Amino acid sequence: MSGDLAVDVRGVSKVFQDDKGRQVQALQDVSFQVRRSEIVALTGRSGCGKTTLLRIIMGLEQPSGGSVTVDGVPVQGCGPNRGIVFQNAELLPWRTALGNVEFGLEARGLPKAERREAAERAIELVGLGNAANRRPHELSGGMRQRVGIARALAIDPAVLLMDEPFSALDAQTREKMQGELLEIHQRTGKTIIFVSHDIDESVLLADRVVTLVPDPGRLHGVLDTGFGDSTDLDERRSSAEFALRRHELLQLVHGREIQQQDGVSI
Amino acid sequence: MTALADQAAPPVDDETALSRRMRSQRRSGRDRLVTAAGVVVLLIIWEVAARQVDPILAAPPSAVFTALIGMIADGSLPVAVWESAQPFLVGYLLAIVVGVPVGLLIGRFRVVEAAIGWLVIAGYAMPMIALTPVFMLWFGLGFAVKAAMVMTMTVFAISINTWNGVQNVPRTLIEVGTAFCASQPRILTQIVIPSVIPSIMTGLRIGIGKAVVGIVIAEFFTAIGGIGGVIIDAGHSFQPDRMFAAVVVLMLAAVALTGLIGLVERRLAPWNRSIAGGAH
């Protein structure tokens, strides 16, 4: 049973201190689990703590209480079992696309030849093989984010963690990238957790959507999207499930209770 | 102008905003023509005006040019330039060698900032010229005092800009390092220092102007050799043509050196221009 579990978030809470020294409860007793190869979205209104929660899983933030384990290993700071994709790609501007992908491998002390090979494989995977030697300022926003994804994939992590990965892109690029993420998921079978404030995106991409509500940030519900095996985004978007799940997720995000109707013509 | 500046670290000098704007301006052929016309008009006004006054008080450009040729021909100008160039280079290089690491340390470690940050700010704000007499007591009247003056004039501008650059390294980029388990030394060499290079270059560019002031001041006070010596000697002996010739050389040297730094900057940090230009 535990072999099937990729990420286990257990009773995580986070208390911040604001500028005036007051204690602010950003997260309160959040627990959920992510199975291997699953895509899970974290969503909710602003201030619900979804980004804080992701940062705790990333190891960039310490929880005030509770614990996170990835592949049975407790999260303590950074770790090669998690590949991180930032909102604005955050590439090093003085490095080429390939050099950026190599960054995480260098930090792990891989020999040069191995590093190059792994980076080239990752950059091919995101379809940027012919732009490998360009610098970030010569790439479009979508291409930059693909480099960001390749950098995270290159270290061959168990889990891919993405913080609003497509929110900075224009609508058309975003749709294209969403499709490509599903393709990458199919090919690599990586477990993916991403934060999104976009209801449609959460429903379309995720197998399950974890919703949080603010004040204090806490888990409100988990929605099964249940698209089955179809990875075609247009097909998903025009399906009856999409409309239904979208409606249900809206209810959840706004703090209402829903009774998820299971087995709706899957 | 603010739109250009806000991507990079805000520089600690007014000249920078100006020079950045100048660099970002696309020089069309017409602009060049207007500039050339401006120079010609200024030279004509100067020529006409200078001819009206006593030749021991001012010299027209034609006389300055003749003096310049004469000083090159008799070898006095090349000797003076070489005499100034050596302490200038030594002082300037010392300022880089000291100023950059100090700026990096202050920016990176809070303890160092608390310990010597105030000193760098005070040193930058203070007119170092005030120290010249005491420098002459310490370093004598030769090479050493000139180099020391250049160094003290320059080092604070370099330090403060480097420091400023470190503080403006995007936090998210450092987070990338942390997220991918990069060690502190690796974060410093692979993320912080490359990010700071544009700010260091800004410091070096501002430093050129300060260093030129430093060498001239030192040579004024000591009145021995160098371009500053030529200026002060010519002034004291009522030879404005020679004086202006030396001033023109000084000006050209400062402009050329600043341009050289700009060239190095574009080689070292080619990404910076496109970022500062708002390529997003």
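Two residues are in contact here when their C-beta atoms, placed from the backbone, lie within 7 Å. With that in hand, we can begin with chain B of this predicted model. Among the contacts in chain B between residues at least 6 apart in sequence, 75% join residues that are at least 24 apart. Chain B has 280 residues, and 38% of them are buried.

What is chain B built from? Its secondary structure amounts to 13 helices and zero strands. If you follow the chain from the N terminus, you meet one α element after another, from start to end.

The UniProt record, an unreviewed entry, adds a layer to this picture. It places the feature "transmembrane region" at residues 33–50, 89–109, 115–141, 211–232 and 244–264 of chain B. Two of these spans are worth finding in the model. Residues 89–109 of chain B are 95% helix and 0% strand, with the end C-alpha atoms 30 Å apart. Residues 244–264 of chain B are 100% helix and 0% strand, and their end C-alpha atoms also lie 30 Å apart.

Now let us look at how two helices of chain B meet. Helix α4 of chain B covers residues 61–73, helix α12 of chain B covers residues 240–268, and their axes come within 8 Å. How do the two helices lie relative to each other? The axes cross at roughly 75°, and angles of 65 to 115 degrees count as roughly perpendicular, so α4(B) and α12(B) are roughly perpendicular to each other. On the α4(B) side, the contact is made by B:Ala63, B:Val64, B:Ala67, B:Leu68 and B:Met71. On the α12(B) side, the residues are B:Asp241, B:Arg242, B:Phe244, B:Ala245 and B:Val248. By class, this contact has eight nonpolar residues, two charged ones and no polar ones.

Next comes the place where the two chains meet. Here 16 residues of chain B are in contact with 17 residues of chain A. The elements of chain B that give two or more residues to this side are α9 (171–179), α10 (184–222) and α13 (270–276). Which of them gives the largest share? That is α9(B), with six residues. Sorted by class, the side of chain B that touches chain A has eleven nonpolar, three polar and two charged residues.

Crossing over to chain A, we can start with a pair of strands. Strand β1 of chain A (residues 5–17) and strand β2 of chain A (residues 23–35) run antiparallel and are joined by nine bridges. Within this pairing, A:Val12 has A:Val30 of β2(A) as its bridge partner. The two strands form a hairpin with five residues between them, and A:Gly21 in the turn has a positive phi of about 80°.

Chain A also holds an open sheet of six strands with mixed pairing, in the order β6-β7-β8-β3-β9-β10. At its edges are β6 (82–85) and β10 (218–224) of chain A, each pairing on one side only. Neighbouring strands in the sheet are turned by 20° against each other on average, direction ignored. At the β10(A) edge, strand β9 of chain A (residues 208–213) runs antiparallel to β10(A), and six bridges join the two. There, A:Thr211 stands opposite A:Gly221 of β10(A). Helix α8 of chain A (residues 240–253) packs on the sheet and touches β3 (39–44), β9 and β10 of chain A. The direction of α8(A) makes about 175° with that of β10(A).

Finally, some details of the backbone deserve a visit. Most residues other than glycine have a negative phi, and most peptide bonds are trans. In the loop between β9 and β10 of chain A you will find A:Pro216, which is joined to A:Asp215 by a cis peptide bond with omega of about -15°. A:Glu90 has a positive phi, near 50°, and sits in the loop between β6 and α2 (97–107) of chain A. Is A:Glu90 buried or exposed? A residue is buried if 20 or more other C-beta atoms lie within 10 Å of its own, and A:Glu90 has 22, so it counts as buried. A:Asp156 also has a positive phi near 50°, this time in the loop between α4 (141–154) and β7 (159–163) of chain A. With 16 C-beta neighbours inside 10 Å, A:Asp156 is partly exposed.

How values were computed
Residues are numbered from 1 along each chain as its sequence is written. Chains are lettered from A and ligands numbered from 1 in the order in which they are written. This is a predicted model: local features need pLDDT of at least 70, side-chain atom pairs count only at pLDDT 80 or more; totals for chains, interfaces and linings use all residues. Helices (H or I, at least four residues) and strands (E, at least two) are DSSP runs, numbered from the N terminus. Ala, Val, Leu, Ile, Met, Phe, Trp, Tyr, Cys and Pro count as nonpolar, Asp, Glu, Lys and Arg as charged, and the others, Gly among them, as polar. Two strands pair if DSSP finds at least two bridges between them. Axes are lines fitted to C-alpha atoms, for helices over the stretch in contact, and angles run from 0 to 180 degrees between N-to-C directions. Angles under 35 degrees count as roughly parallel, over 145 as roughly antiparallel, 65 to 115 as roughly perpendicular and the rest as oblique. UniProt positions are given in the numbering used here, feature names are shortened, and annotations may be inferred rather than shown by experiment. A residue is buried if 20 or more other C-beta atoms lie within 10 Å of its own, exposed if 12 or fewer, and partly exposed in between; C-beta atoms are placed from the backbone.
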